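Here is a friendly walk through one model, from its sheet to its helices and a few unusual backbone spots. Have the structure open beside you as you read.

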Amino acid sequence: MSEPSKTNLSEKLFAPRQTSKETSSLVKLAHANAKPIHNAIDGDSEKGWYRMLRRPQWAWQGIDPIEQEAILSRMANSEAPRTSDDLLDTVIGYKPGNWVYEWSQAGAMYQKTARDLVNAGESEKAAEMLLTASMYYSVGAYPHLKGDTLAGQAELQANQTYREAISYMPHKMRTIDVKYEGKTFQAFIHMHRTDKLLPTVIVSGGLDALQSDMWRLYHDYLAPAGFAMVTLDMPSVGHSSAWALTEDTSRLHQALLQQIKEVPWVDHTRVAMLGFRFGGNAAIRLGFLEPGRLKTCVSLGGVIHSILTDSKRLNAMPRMYLDMLASRMGKNGVSQASLTSHLSAWSLKQQGLLARRKVDVPMLGIGLKNDPVCTEMDNQLIAMSSYGGKAVTIAEKPLYDGYHRALLVVVDWLKEKLA
């Protein structure tokens, strides 16, 4: 794509619109008082903010912590009208102080730097700048609620800059178009080589993540270990937004898994699934449905059982988390009690999968100590429900190191099971 068209696209996407609704106003959910949470996977739910601030995760993905604080400070200091005066990240309209605006402006700065580097013949450095830009745009779109027009435009920019970044790298990325229920979703396959079939890890994040957010996982962990990585968005998110989230969380993953045998470069006899948060639910569920196609399944901080069946835990979740669930399920306008009453159907124990019989696929349930979403008992259920299964609890501190320590354990497990 030529540089003028890129500029025009950006200007067109973020042209001022009076009708763009502010994120926190989209889900009309009647809320009870929600308590703050603090952990290395979800980040912080802080007083004065609608969104959960995922500082450890964003830093892990490559966003400079100092720049994070500078962006948040600009929002906090804005005097522009807000949806809620007591929530700093609810500035209305695409303007200084607005969440999407501030993160997207930072993304555009890295994007411009990348173009200058391309013109100077420094494509490798340009790729790094574009990857950083993609991360900023993705955070700008977070938490990816349906009907969030400005966030959707940031998401489009995140995908565009991600694809452009990969095009300048020695790593290869291909797309897989998977048909399901008369519609098509797109999965990304990343490979560090194409001259041999590679053992492959299918990866999904949570309900507030895009598959383009998984680059660091691939570059720093899976590629050095010799794996290809196939990513797909969870139902209701990103490229999978055409499907609402239902208790059959793994249905798109199952369609992808069945199609992988037709994909060159992938050793379809050595495939694993790794999921974070709700992606962990899909990963473990898929192991029960497709034991003949998977060598192992891994849940990292998965939404498995406890949080889905315990009303006290659910009612203590931050407002953004509950809004996100309502958006994914298409439950806008319902009461919080109505929303949470449906969630037990997502429990893998309630579905009759966990704690009923053992499956031949060895499963790893891993989480951080004192995680309010994924309890140690949840991971024990995973281990007890599979032959060769294992539960691992990682110390919660230091918080900024939690992802790294957990992923080292995950990679060692995958090496053993995909050897």
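## Strand E4 and its partners

E4 is mostly covered, with seven of its nine residues buried. Bear in mind as you look at this strand and the rest that the model is a predicted one.

On one side, E4 runs antiparallel to E3, and nine bridges join the two. Within that pairing, Met-173 has His-190 in E4 as its bridge partner. The hairpin of E3 and E4 leaves two residues between the strands, and Glu-181 takes a positive phi there, near 55°. E4 also runs antiparallel to strand E6 (residues 228-231), this time through three bridges. Here Ile-189 stands opposite Val-230 in E6. Helix H6 (residues 149-167) lies across E3 and strand E4 (183-191), at about 35° to E4.

## The whole sheet

Where does E4 sit in the wider sheet order? The sheet is open, has eight strands with mixed pairing, and follows the order E3-E4-E6-E5-E7-E8-E9-E10. Its edge strands are strand E3 (172-180) and strand E10 (390-394), each of which pairs on one side only. On average, neighbouring strands are turned by 20° against each other, direction ignored.

Towards the E10 edge, strand E9 (residues 363-368) pairs with E10 in the parallel sense over five bridges. Leu-364 has Lys-390 in E10 as its bridge partner.

## Strand E8, covered on both faces

Strand E8 (residues 296-300) is largely enclosed by the rest of the structure, because five of its five residues are buried. In a regular strand, side chains alternate between the two faces of the sheet. In E8, both faces are covered: Thr-296, Val-298 and Leu-300 are buried on one side, and Cys-297 and Ser-299 are buried on the other.

E8 pairs with strand E7 (residues 266-276) in the parallel sense, over five bridges. Phe-276 stands opposite Leu-300 in E8.

After E7 comes a spot worth a look: Arg-277, in the loop between E7 and H9. Its phi is positive, near 50°, in a residue other than glycine. Is Arg-277 buried or exposed? With a relative accessible area of 6%, below the 20% cut-off, Arg-277 is buried.

## Helix H12 and Leu-325

H12 is another mostly covered element, with ten of its eleven residues buried. Among the buried ones are Asp-323 and Arg-328, along with Met-320, Tyr-321 and Leu-322. The cover over the buried residues of H12 includes helix H9 (278-289), helix H11 (311-315) and helix H13 (336-342). Gly-330 follows the helix, and its phi is positive, near 70°.

Leu-325 is a good residue to zoom in on. It belongs to helix H12 (residues 319-329) and is buried, with a relative accessible area of 2%. Which residues does Leu-325 contact, leaving aside its neighbours within four places in sequence? They are Leu-207, Phe-278, Leu-339 and Leu-343. Leu-207 is 118 residues from Leu-325 in sequence, yet their C-alpha atoms are 8.0 Å apart in space.

## Helices H4 and H5

Two packed helices are described by the angle between their axes and the distance between the axes. For helix H4 (residues 99-119) and helix H5 (residues 123-141), the axes come within 8 Å and cross at roughly 170°. That crossing makes H4 roughly antiparallel to H5. The residues in the contact of H4 with H5 divide into 16 nonpolar, seven polar and one charged.

H5 is mostly covered, with 14 of its 19 residues buried. From first C-alpha to last, the helix reaches 27 Å, close to the 27 Å expected at 1.5 Å a residue.

## The loop between H5 and H6

Most residues other than glycine have a negative phi, and most peptide bonds are trans. Against that background, this loop is a nice place to pause. Pro-143 lies in the loop between H5 and H6, and a cis peptide bond joins it to Tyr-142, with omega about 10°.

His-144 lies in the loop between H5 and H6 too. The phi of His-144 is near 60°, a positive value in a residue other than glycine. At 7% relative accessibility, His-144 counts as buried.

How values were computed
Residues are numbered from 1 along each chain as its sequence is written. This is a predicted model: local features need pLDDT of at least 70, side-chain atom pairs count only at pLDDT 80 or more; totals for chains, interfaces and linings use all residues. Side-chain values use heavy atoms; hydrogens and water are left out. Axes are lines fitted to C-alpha atoms, for helices over the stretch in contact, and angles run from 0 to 180 degrees between N-to-C directions. Helices (H or I, at least four residues) and strands (E, at least two) are DSSP runs, numbered from the N terminus. Angles under 35 degrees count as roughly parallel, over 145 as roughly antiparallel, 65 to 115 as roughly perpendicular and the rest as oblique. Ala, Val, Leu, Ile, Met, Phe, Trp, Tyr, Cys and Pro count as nonpolar, Asp, Glu, Lys and Arg as charged, and the others, Gly among them, as polar. The expected span of a helix is 1.5 Å times one less than its number of residues. Buried means under 20% relative accessible area, exposed over 50%, partly exposed in between (1.4 Å probe, protein chains only). Contact means heavy atoms within 4.5 Å. Two strands pair if DSSP finds at least two bridges between them.
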